[in-house]
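Hi,

Here is the structure I said I would pass on. Have a look at it first, and my notes follow underneath.

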Amino acid sequence: MDKIQVFTAEELAKATNQYNENRILGQGGQGTVFKGMLSDGSIVAIKKSKLVDENQLEQFINEVIVLSQINHRNVVKLLGCCLETEIPILVYEFISGGTLFHNIHHENEEFPLSWDDRIRIATEIAGAIAYLHSAASMPIYHRDIKSLNILLDDKRRAKISDFGISRSISIDKTHITTLVQGTFGYLDPEYFQSSQFTEKSDVYSFGVVLVELLTGETPISSTRSIERKSLITYFISSMNENRLLEILDSQVTKEDRKEKLHEVANLAKRCLSLNGKERPTMKEVTLKLEGLRRYERYSHVQKNGSRGAVYCR
């Protein structure tokens, strides 16, 4: 806890121009996030919870405890909090590139997410979750992995955020039993049925994000036809019917990389297995994605090298 700075209510009100509406970065179930400027000129994100009930207070305390244990380049850094107000306030590093959800589903036509961006972002997210599961001081289950909870910085590096319902797990435990919480469309069906959340539940949610990156589609949509309403059901049936290439995002299929696309899609399918025991660990997922990225970089160098050789002749 010694890394967390305590801010006064006055400092944060001043930083956000009295929580002015034009400073709002985003709003969600837990509260509103404002862009703020501290007295030293540094830009921060300030999360102000909604009117507090006991459950939200618990989530606030939980987020402080969990994030104070974490130091990873792909996890949003908690800088501090304010303890003077009835409504909890948290202060984070400011991440300027918006959510992954926005970057996938409301694409910037000038700078769309390329295949290289997507596979790198997937690798960064996987590595951060693997760190939470095994390398943090105590294993941490995020419990709400989704593209809205992944932020991108100005270089499009991924940062996992929103640890309000995360849990630290004692090393001898394999699961926690809780009231089902999370986001529909990303929720592990096994957890939904049993109320037992395991590290493989985060793996399932990651699989959904990976399918979003591959297809450019949202997990649930009321505007798609009935058979396509659930992206995951449609994705798995398309794979089983050997129609994968038909449902992929045009940014992904631009170059000839059919074999690699199938490898990533098969990895996503394994993450989405209905039986948690059949899903890979996040460490295995990370190693697989890192291997694919290394292969792609090597192929790119080889291709450019051979072009140069032809040119020199």
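I'll start with a cavity, the second largest one, whose lining is made up of Arg 143, Asp 144, Ile 145, Gly 182, Thr 183, Tyr 186, Leu 187, Asp 188, Phe 197, Ser 201 and Ser 205. Sorted by class, that lining has four nonpolar, four polar and three charged residues. The volume of this second largest cavity is about 50 Å³, and the count of cavities of 30 Å³ or more comes to three. Before you read too much into any of this, please keep in mind that the model is predicted.

One of the lining residues deserves a second look. Asp 188 sits in the loop between strand 11 (175-177) and helix 5 (189-194). Is Asp 188 buried or exposed? It counts as buried, because its relative accessibility is 2%, under the 20% cut-off. Leaving out residues up to four places away in sequence, Asp 188 touches Ser 201, Tyr 204 and Arg 279. Ser 201 also turns up in the lining of that second largest cavity.

Now the overall picture. The protein chain has 313 residues, of which 48% count as buried. Its secondary structure comes to 10 helices and 12 strands. If you take the contacts between residues at least 6 apart in sequence, 63% of them join residues at least 24 apart.

On to the packing. The largest nonpolar core has 66 residues, and those with the most contacts inside it are Ile 70, Leu 100, Ile 125, Phe 206, Phe 235 and Leu 289. Which helix gives the largest share of this core? That would be helix 4 (residues 115-135), with 11 residues. The core also draws at least three residues from each of domain 1 (5-93) and domain 2 (98-296). There is a second, separate core of 12 residues, which includes Ala 15, Val 44, Cys 82 and Ile 89.

If you want a way into the largest core, try Phe 235, one of the residues with the most contacts inside it. Not counting residues up to four places away in sequence, Phe 235 touches Val 211, Leu 214, Leu 244, Ile 247, Ala 265, Ala 268, Lys 269 and Leu 272.

For the second core, Phe 34 makes a handy landmark, as it is in contact with Val 44, a member of that core. Phe 34 lies in strand 3 (residues 31-37) and counts as buried, at 6% relative accessibility. Leaving aside neighbours within four places in sequence, the other contacts of Phe 34 include Thr 16, Tyr 19, Asn 20, Arg 23, Ile 24, Leu 25, Ala 45, Ile 46 and Lys 48. From Phe 34 to Asn 17, 17 residues away in sequence, the C-alpha to C-alpha distance is 9.9 Å.

Two arginines are worth clicking on as a pair, since Arg 120 appears in the contact lists of both Arg 157 and Arg 293.

- Arg 157 is in the loop between strand 8 (150-152) and strand 9 (158-160). It is partly exposed, with a relative accessible area of 38%. Beyond neighbours within four places in sequence, Arg 157 is in contact with Arg 120, Glu 124, Leu 151 and Leu 152. The C-alpha atoms of Arg 157 and Ile 95 are 9.7 Å apart, with their positions 62 residues apart along the chain.
- Arg 293 lies in helix 10 (residues 282-312) and counts as partly exposed at 24% relative accessibility. Setting aside neighbours within four places in sequence, Arg 293 is in contact with Ile 119, Arg 120 and Thr 123. Asp 116 is 177 residues from Arg 293 along the chain, yet their C-alpha atoms are separated by 8.3 Å.

Last, a backbone point. Most residues other than glycine have a negative phi. Gln 18 has a positive phi of about 60° although it is not a glycine, and Asn 242 likewise has a positive phi of about 60°. Where are they? Gln 18 is in the loop between helix 1 (9-15) and strand 2 (24-27), while Asn 242 is in the loop between helix 7 (231-240) and helix 8 (244-247). Gln 18 counts as exposed, at 58% relative accessibility, and Asn 242 counts as exposed too, at 65%.

Cheers

Notes:
Residues numbered from 1 in each chain as written. Predicted model: local features only at pLDDT ≥ 70, side-chain atom pairs only at ≥ 80, totals over all residues. Heavy atoms only, no water. Core = buried A, V, L, I, M, F, W, Y, C linked by side-chain atoms within 4.5 Å. Buried < 20%, exposed > 50% of the residue type's maximum accessible area, 1.4 Å probe, protein only. Helix = DSSP H or I, 4+ residues; strand = E, 2+ residues; numbered from the N terminus. Domains from an automatic or database assignment. Contact = heavy atoms within 4.5 Å. 1 Å grid on protein atoms, 1.4 Å probe; cavity = no way out; pocket = protein on both sides within 12 Å on 5 of 7 lines; lining within 4 Å. Points joined across faces, edges and corners; volume = space filled by probe spheres on them. Nonpolar A, V, L, I, M, F, W, Y, C, P; charged D, E, K, R; others polar.
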